[in-house]
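Open the model in your viewer and keep the selection panel handy. We will go from one stop to the next, picking out a few residues each time.

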Amino acid sequence: MESYKKEFIEFMVDSDVLKFGTFVLKSGRKSPFFMNAGGYVTGGQLIRLGEYYAKAIHHRFGEDFDVLFGPAYKGIPLSVATAMAFSRLYGKEVRYSSNRKEIKDHGDTGILLGSRIKDGDRIVMIEDVTTSGKSIEETFPILKAQGEVTVVGLMVSLNRMEKGQGGEMSALDEIRQTYGFDAGAIVTMEEVVSRLYNQPYKGKVIIDDAIKASIDAYYEQYGAK
């Protein structure tokens with residue numbers, strides 16, 4: 001496991017963003033774990049978060065893109081923090097963009113905020129986590145409506161590794177198949193378990209035998225093939 005992945009898992013724990021227990025997801029599934037990027041609220045956290053995203057994007061997609069697009073609302077700070085980190089780490093200036101939930105008809109008009117998107121732009125989408133892929137279904141048409149653009153790929157923070165809307169493949173695999181672009185994550189849930197299961201962190205075992213058993217049971221039902 002790359003060092004930045006291990007650090008990111010520990011960072012999620014330190015930031016109280018990755019939780020274990022019983023959670024009802026938007027999909028209705030009862031999950032033994034939950035990741036909420038809305039928990040990154042301080043300047044220091046956002047600096048580090050942007051750096052982890054930038055490293056993962058650079059590792060997977062390189063530097064041949066122009067825009068980081070973060071779907072509203074959580075994607076807005078993610079795209080801003082990552083664009084700043086990409087400039088700082090790699091000396092590459094990329095623009096950030098996001099969509100509005102409602103089209104603005106005065107002043108800075110349109111459906112986008114941040115950078116406009118134009119013909120020829122190469123775009124990396126950035127989100128917190130994708131369980132079903134529904135958010136991409138909503139935002140992909142917005143990007144394609146801006147002109148002759150290429151979506152290079154999608155980067156999320158955590159690959160939950162569970163069935164998407166189709167009921168067989170993971171959400172990220174469904175996105176690859178449906179839209180024809182790559183999709184990756186800073187870490188997978190498998191990597192999270194590998195780092196935290198019965199491995200003390202700051203004097204505490206985060207994933208003990210009981211939590212591991214509930215995770216295994218969840219994947220028995222919802223795990224992607």
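Start by selecting K212 and Y197: the charged end of K212 sits over the ring of Y197, 5.3 Å from the ring centre. Bear in mind throughout that this is a predicted model.

Now zoom out to the whole chain. Colour by secondary structure and you should find seven helices and eight strands. With a radius of gyration of 18 Å, close to the 17 Å that the globule rule gives for 225 residues, the chain is as compact as a globular protein of that length. The C-alpha trace spans about 55 × 40 × 30 Å along its principal axes. Turn on a surface and you are looking at about 10,700 Å² of exposed area, 50% of it supplied by carbon and sulfur atoms. Buried residues account for 48% of the 225 in the chain. If you draw contacts between residues at least 6 apart in sequence, 70% of them join residues at least 24 apart.

Next, select helix α6, residues 189–196. Is this helix mostly covered or mostly open? It is mostly covered, as six of its eight residues are buried. Show the side chains of M189, E191, V192, V193, R195 and L196, which are the buried ones. Then add the elements around them: the cover includes α1 (3–14), β1 (18–24), β2 (30–35), β7 (150–159), β8 (182–188) and α7 (209–222). Step past the end of α6 to N198, where phi is positive, near 50 degrees.

Time for the aromatic rings. A search of the whole structure turns up 14 aromatic pairs. One of them is F8 with F11, a tilted pair with 6.2 Å from centre to centre and 45 degrees between the planes. Both residues belong to helix α1 and are three residues apart, so about one helical turn separates F8 from F11. Both F8 and F11 are buried. Add Y40 and Y52 to the selection, and you have one aromatic cluster made of F8, F11, Y40 and Y52.

For the last stop, select F140 and Y179. Their ring centres are 4.8 Å apart and their planes meet at 55 degrees, so this pair is tilted. F140 lies in helix α4 (residues 134–144) and Y179 in helix α5 (residues 171–179), so the pair ties together parts that are 39 residues apart in sequence. Compare their surroundings: F140 is buried, with a relative accessible area of 15%, whereas Y179 is partly exposed at 23%.

Key: Residues are numbered from 1 along each chain as its sequence is written. This is a predicted model: local features need pLDDT of at least 70, side-chain atom pairs count only at pLDDT 80 or more; totals for chains, interfaces and linings use all residues. Side-chain values use heavy atoms; hydrogens and water are left out. Buried means under 20% relative accessible area, exposed over 50%, partly exposed in between (1.4 Å probe, protein chains only). Helices (H or I, at least four residues) and strands (E, at least two) are DSSP runs, numbered from the N terminus. Contact means heavy atoms within 4.5 Å. Rings of Phe, Tyr and Trp (its six-membered ring) pair if their centres lie within 6.5 Å; planes under 30 degrees apart count as stacked, over 60 as edge-to-face and the rest as tilted. A charge sits over a ring if NZ of Lys or CZ of Arg is within 6 Å of the ring centre and within 35 degrees of the ring normal. The radius of gyration is taken over C-alpha atoms; the globule rule is 2.2 Å times the number of residues to the power 0.38. Accessible areas come from the Shrake-Rupley method with a 1.4 Å probe; for residues, only the protein chains shown count as cover.
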